[in-house]
Amino acid sequence: MTTDFDNIQDFLIEVDGLIDGMYFEHNYLVDGISRVGYFQQEYHESYIVRDQESWVVGFCFAGNYMLYGKNWNNKQLIVIKDLLKRHSYNKGFHFSGTAELIKDLFAEKNYKLFKHRIFYEAVNITSVNKLELIPRLAKVEELDILTQMTCDYFHEEYKGQNDKDFEKIKPSVLNSIQKKCIWVLENDGQIISKCSIIMTQFESPIIGSFYTIQESRNQGFGTRLLEFVSNHLLKEYKSVCLLSDKNNIESNIVFKRLNFINKYETRDITVE
């Protein structure tokens with residue numbers, strides 16, 4: 001059965017029921033629907049294809065078509081492919097969502113993989129690092145350094161496809177510092193590693209923008225920062241989450257050693 005929704009709030013209520021508390025795994029979907037509703041933005045598709053055991057959610061807005069699902073079958077894939085034909089998509093248009101669903105739907109299409117994300121969660125951290133350096137909260141006087149590190153993070157993380165302008169992101173970095181949401185690790189008086197804390201609509205914070213400067217990698221500094229910050233957050237929250245690029249093999253090894261568990265995977269592809 002396919003249900004189209006004209007009311008974004010009704011759509012959000014139905015999606016909330018389907019994901020059954022898995023807000024972290026579906027964070028981008030829930031956030032996208034919520035923002036469209038709150039800011040009354042234009043959207044082009046909002047539907048659910050489902051039966052008793054399976055479902056697929058489709059949501060198209062702002063140059064991005066989100067497709068999330070559970071236990072989908074071949075019949076539903078055919079329905080979704082027909083629904084996708086209701087619109088044309090220019091080169092560079094994004095489709096994102098449940099990794100295997102995106103793979104199944106676009107197996108015969110010409111697309112470019114933009115990002116394959118792994119959603120990790122930990123409820124306790126395994127101590128693996130012997131460094132005695134103590135991470136700390138960032139200071140306002142370190143704004144320029146941290147803004148540049150953030151630019152470097154985006155350039156590297158998205159391979160030059162999502163670069164940020166220094167002056168444009170500087171206010172958001174400052175805001176994060178003032179809200180005590182950026183942690184850093186120093187060595188010999190130099191900031192070598194940093195991460196940001198992202199507060200969410202669900203119960204667990206996300207550690208994001210995790211970055212260590214090139215010359216200080218593979219020495220345990222990033223691991224020390226992540227281990228310390230994760231344990232700090234677990235004193236207040238039941239779990240801590242982070243996102244990773246599946247192709248970042250070294251980082252994923254570290255996350256698993258620290259006891260982060262792979263909870264979900266998404267794919268973000270662009271039309272060629």
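# Exercises on a Predicted Structure

Phe-5, Phe-11, Tyr-43, Phe-59 and Phe-61 come together in one aromatic cluster. The model examined here is a predicted one. Each exercise below is followed by a worked solution.

## Exercise 1. An aromatic pair

Classify the arrangement of the rings of Tyr-120 and Phe-255, and state where the two residues lie.

**Solution.**

Step 1. The count of aromatic pairs comes to 20.

Step 2. A pair of aromatic rings is described by the distance of the centres and the angle of the planes.

Step 3. For Tyr-120 and Phe-255, the ring centres are 5.6 Å apart and the planes meet at 65°. Planes over 60 degrees apart count as edge-to-face; the pair is therefore edge-to-face.

Step 4. Tyr-120 belongs to strand β6 and Phe-255 to helix α8, so that the pair links distant parts of the chain, 135 residues apart.

Step 5. Tyr-120 and Phe-255 are both buried.

## Exercise 2. Helix α7

Determine how the span of helix α7 compares with the expected value, and how many of its residues are buried.

**Solution.**

Step 1. Helix α7 covers residues 221–234, 14 residues in total.

Step 2. From its first C-alpha to its last, α7 reaches 20 Å, close to the 20 Å expected at 1.5 Å a residue.

Step 3. Of the 14 residues, 11 are buried, and the helix is thus mostly covered. Among them are Phe-221, Arg-224, Leu-225, Glu-227, Val-229 and Leu-234.

Step 4. The elements that cover these buried residues include the strands β6 (111–122), β8 (182–187), β9 (190–198), β10 (206–212) and β11 (240–245), together with helix α8 (249–257).

## Exercise 3. Strand β2 and its partners

Identify the strands to which β2 is joined by bridges, and give their direction relative to β2.

**Solution.**

Step 1. Strand β2 comprises residues 45–50, and 5 of its 6 residues are buried.

Step 2. Strand β1 (residues 2–4) is joined to β2 by 3 bridges, and the two run antiparallel. Thr-3 has Ile-48 of β2 as its bridge partner.

Step 3. Strand β3 (residues 55–61) is joined to β2 by 6 bridges, again in an antiparallel arrangement. Here Ile-48 has Val-57 of β3 as its bridge partner.

Step 4. The connection from β2 to β3 is a hairpin of 4 residues.

## Exercise 4. Salt bridges within and between elements

Compare the locations of three salt-bridged pairs: Arg-35 with Asp-31, Glu-157 with Lys-115, and Glu-265 with Lys-246.

**Solution.**

Step 1. Side chains of opposite charge can pair when their charged atoms come close. The structure holds 14 salt bridges.

Step 2. Arg-35 and Asp-31 form a salt bridge with an N to O distance of 2.9 Å. These two residues are 4 apart in helix α2 (residues 27–39), and are therefore separated by about one helical turn. Arg-35 counts as partly exposed because its relative accessibility is 33%; Asp-31, at 27%, is partly exposed as well.

Step 3. In the salt bridge of Glu-157 with Lys-115, the closest N and O atoms are 3.2 Å apart. Glu-157 lies in helix α5 (residues 143–157) and Lys-115 in strand β6, so the pair ties together parts 42 residues apart in sequence. With 2% relative accessibility, Lys-115 counts as buried.

Step 4. The salt bridge between Glu-265 and Lys-246 has an N to O distance of 3.5 Å. Glu-265 lies in strand β12 and Lys-246 in the loop between β11 and α8, so this pair ties together parts 19 residues apart in sequence. Lys-246 is partly exposed at 37%.

Step 5. Salt bridges can also form a network, as those linking Asp-4, Glu-45 and Arg-86 do.

## Exercise 5. Charges over rings

Which rings lie beneath the charged ends of Lys-115 and Lys-164?

**Solution.**

Step 1. The charged end of Lys-115 sits over the ring of Tyr-158, at 4.4 Å from the ring centre.

Step 2. For Lys-164, the ring is that of Phe-154, with its centre 5.1 Å from the charged end.

## Exercise 6. The surroundings of Thr-270

Decide whether Thr-270 is buried or exposed, and list its contacts beyond four places in sequence.

**Solution.**

Step 1. Thr-270 is part of strand β12 (residues 261–271).

Step 2. Its relative accessibility is 8%. The cut-off for a buried residue is under 20%, and Thr-270 therefore counts as buried.

Step 3. Neighbours within four places in sequence being set aside, Thr-270 is in contact with Gly-92, Phe-93, His-94, Tyr-111, Lys-112 and Phe-114.

Note on methods: Residues numbered from 1 in each chain as written. Predicted model: local features only at pLDDT ≥ 70, side-chain atom pairs only at ≥ 80, totals over all residues. Heavy atoms only, no water. Expected span 1.5 Å × (residues − 1). Buried < 20%, exposed > 50% of the residue type's maximum accessible area, 1.4 Å probe, protein only. Contact = heavy atoms within 4.5 Å. Phe/Tyr/Trp six-rings, centres within 6.5 Å; stacked < 30°, edge-to-face > 60°. Lys NZ or Arg CZ within 6 Å of the ring centre and 35° of its normal. Pairing = 2+ DSSP bridges. Salt bridge = Lys/Arg side-chain N within 4 Å of Asp/Glu carboxyl O.
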